[in-house]
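Reader: I would like a close look at a single part of this model, namely the nonpolar patch on its surface. Please set it in the context of the whole chain and be careful about confidence.

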Amino acid sequence: MMVAGLIGVGYGLGVHCKMKKLCEKLDTTIDDLSNDVPIDIPKEVIDQAVERAAERRARYAVDNAAADIISKMKSDIHSEVSSAVSDERKKISEKVTDTIAERVSKIDEDELRKDVVNKAKEQIAAKFDNKLDDILADFNSNLSNVSRIYRSIAQTIAGTQNARDVMFKMV
């Protein structure tokens, strides 16, 4: 296999060298012929080639000019819009500030203070009302438990006195 591979590589190199020599001879022959033989190119072909080249160059120049103009227009529009927005923002800011100042000056401090105090009272009362309801429920539950304990003690004392099983020990 190795021998066959080496033979193949040798054959490939040999053919390559022969082809290279043949190409060099052909290039030399073609160069000699082109230098020696006058070639007549019709004027129409030259005119068409020049016209196409001029069209391509003109199209390229027009496309570049259009792209430059569009870019400059975008930049100009952006700067004009930015400055207009900035100016309007300043005007609106001044109007809003004036309106707020006017409305704040019309606020009656005593009335505002009363409203704040009343709302705070309502919220505090609601908060404590909920807590008082919980405390009342706990108190009633505890009172019920205490009542049951006293009732049980009373029944036990009343029941044991009738049976005379009351016993007191002192230690």
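What pLDDT does the protein chain average, and what percentage of the residues score at least 70?

Author: This is a predicted model, and the protein chain averages a pLDDT of 83, with 89% of the residues scoring at least 70. Within the protein chain, the mean confidence is highest in α2, at 90, and lowest in α3, at 80. As a general caution, predicted coordinates should not be read in detail where pLDDT is low.

Before turning to the patch, the setting deserves a description. The protein chain holds three helices and zero strands, and its pattern along the sequence reads α-α-α. Of its 171 residues, 0% count as buried, while the accessible surface of the protein chain comes to about 16500 Å², with 61% of that area belonging to carbon and sulfur atoms.

On this surface, a nonpolar patch is formed by I92, V96, I100, V104, I107, L112 and V116, which together have about 620 Å² of accessible area. Two or more residues of the nonpolar patch are given by each of the elements α2 (43-106) and α3 (109-163), and the largest share, four residues, comes from α2.

One member of the patch, L112, can be followed individually: this residue is found in helix α3, and L112 counts as partly exposed because its relative accessibility is 45%, a value that lies between the 20% and 50% cut-offs for buried and exposed. For the helix that carries L112, the mean confidence of 80 is the lowest in the protein chain.

Notes. Residues numbered from 1 in each chain as written. Predicted model: local features only at pLDDT ≥ 70, side-chain atom pairs only at ≥ 80, totals over all residues. Heavy atoms only, no water. Buried < 20%, exposed > 50% of the residue type's maximum accessible area, 1.4 Å probe, protein only. Areas by Shrake-Rupley, 256 points an atom, 1.4 Å probe, with all protein chains shown as cover. Patch = residues over 30% accessible without salt bridge, like charges linked within 9 Å, V, L, I, M, F, W, Y side chains within 5 Å. Salt bridge = Lys/Arg side-chain N within 4 Å of Asp/Glu carboxyl O. pLDDT = per-residue confidence, 0-100.
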